[in-house]
Amino acid sequence: MAKHKTHHEECDILVVGGGMAGTGATFEARHWGRDLKIICVEKANIDRSGAVAQGLYAINCYMGMQWNENQPEDHVRYARNDLMGLVREDLGYDMARHVDSTVHMFDEWGLPMMKNPKTGRYQREGKWQIMIHGESYKPIVAEAAKKSADKIYNRIMITHLLMDENNENRVGGAVGFNMRTGDYYVFRAKTVIVAAGGASHIFKPRAVGEGMGRTWYAPWSNGSAYALPIAAGAKMTQMENRIVLCRFKDGYGPVGAYFLHLKTYTQNANGENYEKKWYEHTKKLVGEYIDHHPTPTCLRNHAFVQEVMAGGGPIQMVTKEAFQDPHLETVGWENFLGMTVGQAVVWASQNIDPKYTNPELTTSEPYVMGSHATCSGAWVSGPEDISPPEYFWGYNRMMTIQGLFGAGDTVGGSAHKFSSGSFTEGRLAAKAAVKYIEDQKSKDIKVSEEQCENFKNIIYKPLENYTVGRNEITGGTVSPSYFSPIQGLQRLQKIMDEYVGGISVNYMTNGNLLKKGLELLEWLQEDLEHIGAEDYHQLMRAWELKHRAITSQCVTEHTLFREETRWPGYYYRGDHMNLDDKNWHCLTVSRRDPKTGKFTMEKMPVYHIIGDKEKKKAS
Ligand SMILES: Cc1cc2nc3c(=O)[nH]c(=O)nc-3n(C[C@H](O)[C@H](O)[C@H](O)COP(=O)(O)OP(=O)(O)OC[C@H]3O[C@@H](n4cnc5c(N)ncnc54)[C@H](O)[C@@H]3O)c2cc1C
């Protein structure tokens, strides 16, 4: 390992991932910790990294409290309804009460916001969304982080957390490697904020072969946000709550602006409103939840999936009417140009002009994330003023490991944060991390050279596996003693797809399938010791796969534990097809023992802190 130079850094706050939450954390850490040393480490380059890399057309979470448009309580009710009753209301409320201030800063920093010419307010796309010219969104927030951090490290993938040798439940930093130089990096830190995004490519994607990489969620989001804390023994929540998106077919172009602003609607191949057809059927599965307004995202997916299975496809978005209006036509195209250029290219290649042809929609492969219409992620402490005792252990957004914080997709239980809410949650986590340091909670952390050297050996092993094993290959790429990251990825995706409820089984699974899936995932873990990497890029692919694999184990354990179908349209437990509020109106929480690799599961209560109707402050 001598050939890989080791760099040592010491800091107060280490931010892992410089996406929306990571830039928010880096910025806010400087505000509260003027003299602290703050480092942000990013796998790509923070100017164009994360889910917002290509830009966005709307900020999906803005209350508009200054104009009394919405209050944080309203947002909690909205997220609770969309997630079929199960959210951490303390976290959602805390994010919502701060999110407007974040958006106002984006405005000050030069993000072009669309304004309503009549009212002068931000142009609403929907109740929660405001419209932006957001191609430059990510470089703008990256600028704020760059000005705040002592150092930003780009192109370093963090692979493991360092743990305090004086207190096995306290974090001591993180390690990783530079994907361009191959150098090894040790970051000793008093606190770590994990903000490494969600997970795509753990389930087999619809686009395979030469189309591989075309996914809805960012293809480079590989579940490090979950794998890092899971491997260290942090508790996770709602990991079964994977998300499936209804999007334009093949390009995964967004539909939000089409529904909300262009007022387009969907129909089946016969021009029928198919959602109505599945009302009674859905009511039998989930009861009164189907009568909620707005209809929960998963239930709309459910009607789509059922209709396609019943032979009513393809499902189309009716664009032909709206696109007759030149203004709406422009908005429809611009919507892609600022965020998903690929969709416009797909339509061009398939000769689809939405003015004359209603484009097809699809339901995506499942993704794991904590900031969209889903809330998988780490089990964290809430804020001291509103969290009940089970949800509070001292520092806002701190995981069950001391000094380890999370934000954005990393944090579970709090859905519908989106870009602005993730940035906001990064700010909240950073403020709490500064307090943790000020309270002297990070004294006497011991991280020995031995711990760092051990990780170094582990990290570079795939290079060694390749160097030794390649000599046994006489032709092609199949080796008797190692396998490549792409081979391992396809094996993982097949297991998750067929056993844990992916696209090829129409999102259906059951207890027996899940147990078999767990067995196969365990064997995959054994084989991952033999993964080979021919260069530093493949070394990154190897570690991305390892992080995806451990995230997948956690998702499967959670899916097995929850014996009901809470979110039809996201996935189905064929052996428990009904929503079961009597036994499962609760949050699921897991912990993987770092020594044995075994998971334990428990139920945690859901507290409805916010009342149903009246706009009162939570108590
Ligand atoms: C297709 C799509 C469309 C969306 N549309 C909208 C929209 O219109 N409006 C809206 O408000 N929100 C939208 N969102 C949601 C928004 O993008 C996310 O909520 C937000 O980006 C989540 O922030 P995050 O920081 O958790 O993750 P990200 O912003 O994805 O950042 C994670 C960062 O961590 C880095 N990273 C990952 N692993 C490692 C590692 N091991 N070491 C170092 N760095 C690592 C990544 O490179 C990345 O930069 C959309 C998301 C997607 C995918």
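Start with the ligand and select the shell of residues around it: 16 are nonpolar, 13 polar and three charged. Keep in mind as you go that this is a predicted model.

**Stop 1: the ligand and its shell**

With the shell of 32 residues selected, colour the nearest ones: Ala21, Glu42, Ala58, Ser371 and Ser419. Now look for polar contacts. Zoom in on the side chain of glutamate 42, where an N or O atom sits 2.5 Å from an oxygen atom of the ligand. Next, click on serine 49; here a polar side-chain atom is 2.8 Å from a ligand oxygen. Then pick glycine 50, where the contact comes from the backbone: an N or O atom there is 3.2 Å from an oxygen atom of the ligand.

How much of the ligand does the protein bury? On its own the ligand would expose 1,000 Å², and the protein buries 96% of that. If you'd like to see which elements do the wrapping, show α1 (20-32), β3 (56-59), β6 and α12 (418-438), the elements that each give two or more residues to the shell.

**Stop 2: the second largest pocket**

Leave the ligand shell and bring up the second largest pocket, a space of about 1,100 Å³. It has 34 lining residues, and to find the centre you can select His160, Ala231, Phe455, Arg592 and Pro594, the closest to it.

Which element gives the most to this lining? Select α13, which puts in six residues. For the wider view, show β6 (156-163), α5 (224-232), α13 (449-469), α15 (511-527), α16 (536-561) and β18 (586-592), each of which supplies at least two lining residues. Colour the lining of this pocket by class and you should get 14 nonpolar, eight polar and twelve charged residues.

**Stop 3: a cavity**

How many cavities of 30 Å³ or more turn up in the whole structure? The search finds one, and the largest cavity holds about 50 Å³ of space. To get there, select His75, Val76, Ala79, Val87, Arg88, Glu89, Gly92, Met95, Gly413, Ser414 and Ala415, which line the cavity. Show α2 (72-82) and α3 (89-108) as ribbons too, since each of these helices supplies at least two residues of the lining. By class, the cavity lining comes to five nonpolar, four polar and two charged residues.

**Stop 4: a charged side chain under cover**

Go to arginine 170, in the loop between β6 and β7 (171-178). Is this arginine buried or exposed? Arginine 170 counts as buried because its relative accessibility is 8%, and the cut-off for buried is under 20%. Show the side chain of arginine 170 along with the backbone of lysine 441: a polar atom of that side chain lies 2.8 Å from the lysine's backbone oxygen.

**Stop 5: backbone oddities**

Before the next few clicks, a reminder: most peptide bonds are trans, and most residues other than glycine have a negative phi.

Select histidine 293 and proline 294, which are joined by a cis peptide bond with omega at about -5 degrees. Proline 294 is in the loop between α8 (279-286) and α9 (297-309). Then move along to glycine 313 and proline 314, where there is also a cis peptide bond, with omega about -5 degrees. Proline 314 belongs to the loop between α9 and β12 (316-318).

For positive phi, pick glutamine 238, a non-glycine residue with phi near 50 degrees. You'll find glutamine 238 in the loop between β9 (236-237) and β10 (246-248). With a relative accessibility of 0%, glutamine 238 counts as buried.

Tyrosine 507 is not a glycine either, and its phi is positive at about 70 degrees. The loop to look in lies between α14 (485-499) and β16 (508-509). Tyrosine 507 has 1% relative accessibility, so this residue counts as buried.

**Stop 6: a long jump in sequence**

Finish at lysine 283, in helix α8. With a relative accessibility of 31%, lysine 283 counts as partly exposed. Now add asparagine 578 to the selection and draw a distance between the two C-alpha atoms. What separates this pair in sequence and in space? Lysine 283 and asparagine 578 are 295 residues apart in sequence, and 9.8 Å apart in space from C-alpha to C-alpha.

Terms used. Residues are numbered from 1 along each chain as its sequence is written. This is a predicted model: local features need pLDDT of at least 70, side-chain atom pairs count only at pLDDT 80 or more; totals for chains, interfaces and linings use all residues. Side-chain values use heavy atoms; hydrogens and water are left out. On a 1 Å grid over the protein atoms alone, a cavity is a set of points where a 1.4 Å probe fits but cannot get out, and a pocket is an open set with protein on both sides within 12 Å along at least five of seven lines; lining residues have an atom within 4 Å of a point. Grid points are joined across faces, edges and corners, and a volume is the space filled by probe spheres set on the points. Helices (H or I, at least four residues) and strands (E, at least two) are DSSP runs, numbered from the N terminus. Ala, Val, Leu, Ile, Met, Phe, Trp, Tyr, Cys and Pro count as nonpolar, Asp, Glu, Lys and Arg as charged, and the others, Gly among them, as polar. A residue is near a molecule or strand if one of its heavy atoms lies within 4 Å of it. A polar contact is a pair of N or O atoms within 3.5 Å; within protein, one must be able to donate a hydrogen and the other to accept it, and residues adjacent in sequence count only if both atoms are side-chain atoms. Accessible areas come from the Shrake-Rupley method with a 1.4 Å probe; for residues, only the protein chains shown count as cover. Buried means under 20% relative accessible area, exposed over 50%, partly exposed in between (1.4 Å probe, protein chains only).
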